[in-house]
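The following paragraphs lead the reader through a protein model, from its sheets to its cores and salt bridges. Please keep the sequence and the structure in view while reading.

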Amino acid sequence: MGIESLPRTIEWIGGLDGHVRMIDQTRLPGELVFLECHDVDTMWEAIKVLRVRGAPAIGVAAAMGVVLGVRNCKGKTQKEFIDHLNRVCKHLASSRPTAVNLTWALNRQRRLAASMPDAEIPELKQALLDEAKKIRDEDEAMCRAIGRHGESLIAEGCGVLTHCNAGSLATAYYGTALAPMYTAHEKGRRFRVFADETRPLLQGARLTVWELMQVGIDATLLCDSM
């Protein structure tokens, strides 16, 4: 099995009138459930309670949350639209104030809108959706690059220790620290992963081991005190 056995962590479904579809990570590993976000408040709650977690994935969620928050804006002038955008960004930022990627993604959406002073409001809304999709795609591309550059570190028959979760679930797709393992696995290399449970939220036990098992990588769960 390869990485394609893993469902996408987060994606935008449809056009500007579409929605966000993401894995509800609070339900793992017991069941795989997808959360459909049609409005900004649902996205705010998903970030707040860790339905989506991991810095890169939160950044993607924030960028898409901006679109959910502004697409029904009734403002007729660009100033009214920008004021509305700023309120949406402030609201989303309050969901996880310490999340660096969240603030980064919100600021990127703000800068995009500010760079289009002559644009009509429908054009601005579409541009923000395109930018959110671009942020998601850029993150997956970076993760795959990490895999390509790091896979040589995963030798045949080796053992790898992980802590917390830095896999596909924490990113747009493919993962950061787990990316070299996925690339090595796809090349047919055999190795074992020892995953710490990672208390108190058990990201290692609930998330890392789950996704490694989905792709067929030999994973052993360890309690942190070992």
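Arginine 192 has aspartate 218 as its bridge partner in β6. This model is predicted, and the pairing concerned is that of strand β5, residues 192–196, with strand β6, residues 218–222, which run parallel and share 5 bridges. Between the two strands the chain passes through helix α7, residues 203–215, and the resulting β-α-β crossover is right-handed.

These two strands belong to an open sheet of 3 strands, ordered β4-β5-β6 and paired in the parallel sense. β4 (159–162) and β6 each have a single partner strand, and therefore one side of each lacks a neighbour in the sheet. From one strand to the next, the twist averages 25 degrees. The parallel pairing of β4 with β5 extends over 4 bridges, and threonine 162 stands opposite alanine 195 in β5. Helix α7, already met in the crossover, lies across β4, β5 and β6 and runs at about 165 degrees to β5.

A further open sheet is built from 3 strands in the order β1-β2-β3, here with antiparallel pairing. Its edge strands, β1 and β3, pair on one side only. The twist from one strand to the next averages 25 degrees. β1 and β2 run antiparallel and are joined by 4 bridges; tryptophan 12 stands opposite valine 20 in β2. Which helices pack on this sheet? Helix α1 does so by touching β2 and β3, and its direction makes about 140 degrees with that of β3. Helix α2 touches β1, β2 and β3, with its direction at about 25 degrees to that of β1.

The nonpolar interior may be considered next. The largest nonpolar core has 44 residues, of which Val20, Met22, Met43, Val66 and Leu128 touch the most other members. At least two residues of this core come from each of β1, β2 (19–23), β3 (34–37), α1 (40–48), α2 (55–70), α3 (78–93), α4 (100–114) and α5. Helix α2 provides the largest share, 11 residues. Methionine 22 has contacts beyond its neighbours within four places in sequence: Thr9, Ile10, Val33, Phe34, Leu35, Cys37, Met43, Ala46 and Val52. A second core, separate from this one, contains 22 residues, including Ile23, Leu169, Leu207 and Trp210.

Helix α5 also contains isoleucine 135. Is this residue buried or exposed? Isoleucine 135 has a relative accessibility of 3% and therefore counts as buried, since the cut-off for that class is under 20%. Apart from neighbours within four places in sequence, isoleucine 135 is in contact with Val60, Ala63, Trp104 and Arg108. By comparison, serine 95 is 40 residues from isoleucine 135 along the chain, and the C-alpha atoms of the two are separated by 19 Å.

The charged side chains complete the account. How many salt bridges does a search of the whole structure find? The search finds 17. In one of them, the side chains of arginine 8 and glutamate 140 meet at 2.5 Å, N to O. This pair links distant parts of the chain, with arginine 8 in the segment before β1 (10–13) and glutamate 140 in helix α5 (residues 121–150), 132 residues apart. The two partners can be set side by side in terms of accessibility: arginine 8 is partly exposed, at a relative accessible area of 29%, whereas glutamate 140, at 10%, counts as buried.

Glutamate 140 also meets the side chain of arginine 144 in a salt bridge, with an N to O distance of 3.0 Å. Both of these residues lie in helix α5, 4 residues apart, or about one turn of the helix. Arginine 144 has a relative accessible area of 25% and is partly exposed. These salt bridges form part of a network that links Arg8, Arg136, Asp137, Glu140 and Arg144. Another salt bridge joins the side chains of arginine 51 and glutamate 45, at 2.9 Å, N to O. Glutamate 45 counts as partly exposed, with a relative accessibility of 28%.

Technical notes. Residues are numbered from 1 along each chain as its sequence is written. This is a predicted model: local features need pLDDT of at least 70, side-chain atom pairs count only at pLDDT 80 or more; totals for chains, interfaces and linings use all residues. Side-chain values use heavy atoms; hydrogens and water are left out. Two strands pair if DSSP finds at least two bridges between them. A crossover is right-handed if, with the strands pointing away from the viewer, the path from the first strand over the helix to the second runs clockwise. A salt bridge is a side-chain nitrogen of Lys or Arg within 4 Å of a carboxyl oxygen of Asp or Glu. Buried means under 20% relative accessible area, exposed over 50%, partly exposed in between (1.4 Å probe, protein chains only). Axes are lines fitted to C-alpha atoms, for helices over the stretch in contact, and angles run from 0 to 180 degrees between N-to-C directions. Contact means heavy atoms within 4.5 Å. A nonpolar core is a set of buried Ala, Val, Leu, Ile, Met, Phe, Trp, Tyr and Cys residues joined through side-chain atoms within 4.5 Å.
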